[in-house]
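Reader: I'd like a close look at the later part of this chain, please. Start at the tail, work back to how the domains meet, and then point out any backbone oddities elsewhere.

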Amino acid sequence: MSLSPENHPTTAAELIVIIDYGSQYTPLIARCLRDLGYRSESVSAAQCGAGLRARGVILSGGPESAGTGAKIPDWLLDQAVPLLGICYGMQLLVDAAGGKVHSDQQRAFGRDTIELATPDDPLFTGLPRQLVVWMSHCDHVGSLPADLQATAHNAAGVIAAVRHRRWPHWGVQFHPEVTHTSHGKAILANFCQHICAAPAGRGAAKAGREVVLARSALQRVDDLCARLKAEVGAGKVLAAVSGGVDSSVTAVLLARTLSQAQLCCVYINNGLLREHEAAAITAVLRELAIVPQSLDCQQEFVAALRGVTDAEEKRQIIGHEFVRQLEKFAQGKGFTHLAQGTLKSDVIESGGGERTHRIKSHHNVAALPAEMELKLLEPLRDLFKDEVRALGKALALSQRILQRQPFPGPGLAVRIVGEVTPSRLARLRAADAIYLAALHEHGLYDQTWQAFCVLLPLSSTGVRGDRRSQAATVVLRAVQSVDAMTASACELPIEVLATIAARITAQVDGVNRVVYDLTSKPPATIEWQ
Ligand code: XMP
């Protein structure tokens, strides 16, 4: 569909259009604009026909290199419509204006600090001169044509933002749409307000993140219940619950909407859980007054993973096994739908968009069998983690449930690099329990967004009691995040980390080395596989 006055007869000229070149973060641009109270619509480059009418256009990032893939249509460059290029979008603007984009050592991922050269630039109105920003690029701008002016640099002198001298075109090399970029939302607000003069929804632009989240959550509950009711009709739903926030919110929404006879919750123990996980899950479900059917499938999952070392293969096996077990349980019971707590971030990482790369196959999205007997019901598919937590709050879920850390469906299988065996599972469980207990003991657990151990298939040399040892390595991971799309390593005190390393190496057989993972997302992901 091309955006044209015909498609949006009354409102197209008010819209901010996002041209999606396949960035993982394109949906975050749309989310930021929505939170700020601006209406936007995402279209692919191919959909963006010459009749496009918009208040402004944002060119997203993308996995390709400028000059080799898509181009900004000439007619769009000639129009007086304001453009903001983000990352690859900025490189496309530079390329189109005759500048040079290089692929070499100036790659950057994660945190960077930039200095504004022209603080009176309307894009940066009200911002400090130095900004902490989040980068994710393999290419960078080497030289600018006369028409473009650099408006910000990082400490190494790399161009971080540009502006056209005559046309209303701006570009930023960093990602204002991710939560780790300080003042990112203010930059997008400046573009919409000062550059596009776009009309915002009343009050939204001024409200803080928490207020916006709470307000949209309240509106969302009724909307989601109405949609579930319409979708299920007289059908019968099997809801997969795990004790996590996402499936709990999904189950509570369904329980509000459907009759008791229409809903059955089922919990699968896949044998890939952490120590004490089963008890925690039972406590959560009891608190929610959910009495699930429990399926003990530990042996089936562990057997299916025997001999498998490839991360994507593990994910495919686990996704298929989940559906196989659920369909086996559902047989002959009249179920029409399978509900799961899939999030937007699961969909994006699984390669949701036309040009978007698959980063990993989330078990509930890209690791499902091609043919399924039950229709999928995923009310949270368009929401990010923090939005789901806000929804849970609006549904009166307790803080204890809302603040539960994410735990991936494929469980410890994606935290054991290499083959999943009963002895390696036991080793990882023991190390992980020591790590989490120590974080609780030092009052640090609640300061992490997600904390866990990873077991590597890497043995190294050690010395214990005057004897040589050759044993495995455990990684400690703890990250800060909001929506799982970006993450930074928590700055845990070194003395606490050293205590944890000492405990793990003393108490867990077969481990003689413990390391702390300092990598942000990007370039890493939160999980190791
Ligand atoms: P990554 O590791 O890709 O993960 O940065 C982002 C968030 O998603 C969780 N995760 C999963 N959750 N099924 C899930 O339910 C999956 O297949 C899956 N893979 C990753 C991960 O723990 C993190 O919170």
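Author: A quick word on labels before the tail: strands here are DSSP runs of E with at least two residues, and helices are runs of H or I with at least four, both numbered from the N terminus. Also keep in mind that this is a predicted model.

With that, the tail. Pro522 sits in the segment after β18, the strand covering 511–516, and Pro523 is found in the segment after β18 as well. A cis peptide bond links Lys521 to Pro522, with omega at about -10°. Then comes a cis bond between Pro522 and Pro523, where omega is about 10°.

Now step back to the domains. The chain splits into domain 1 (14–204), domain 2 (209–402) and domain 3 (421–517). Where domains 2 and 3 touch, domain 2 puts in 13 residues and domain 3 puts in 12. Their C-alpha centres are 28 Å apart, and together they bury about 1000 Å², with 62% of that on carbon and sulfur atoms. What about charge pairing? The rule finds 0 salt bridges across this interface, but it does pick up 2 residue pairs in polar contact, both at pLDDT 80 or more.

On the domain 2 side, α10 (344–349) and α11 (385–394) each bring at least two residues to the surface touching domain 3. Helix α11 gives the most, with 3 residues. Sorted by class, that side of domain 2 has 5 nonpolar, 2 polar and 6 charged residues.

As for backbone oddities, two non-glycine residues have positive phi. His183, at about 65°, is in the loop between β9 (169–172) and α4 (184–195), and is partly exposed at 37% relative accessible area. Ala289, at about 60°, is in the loop between α7 (277–287) and β12 (293–296); Ala289 is exposed, with a relative accessible area of 66%.

One last stop, back towards the start of the chain: helix α1 (residues 26–36) has 9 of its 11 residues buried, so it is largely enclosed by the rest of the structure. Among those buried are Leu28, Ile29, Cys32 and Leu33, and also Arg31 and Asp35. Right after α1 comes Gly37, with a positive phi near 95°.

Note on methods
Residues are numbered from 1 along each chain as its sequence is written. This is a predicted model: local features need pLDDT of at least 70, side-chain atom pairs count only at pLDDT 80 or more; totals for chains, interfaces and linings use all residues. Side-chain values use heavy atoms; hydrogens and water are left out. Domain bounds come from an automatic or database domain assignment. Contact means heavy atoms within 4.5 Å. Buried area is the accessible area (1.4 Å probe) that two parts lose on being put together, summed over both. A salt bridge is a side-chain nitrogen of Lys or Arg within 4 Å of a carboxyl oxygen of Asp or Glu. A polar contact is a pair of N or O atoms within 3.5 Å; within protein, one must be able to donate a hydrogen and the other to accept it, and residues adjacent in sequence count only if both atoms are side-chain atoms. Ala, Val, Leu, Ile, Met, Phe, Trp, Tyr, Cys and Pro count as nonpolar, Asp, Glu, Lys and Arg as charged, and the others, Gly among them, as polar. Buried means under 20% relative accessible area, exposed over 50%, partly exposed in between (1.4 Å probe, protein chains only).
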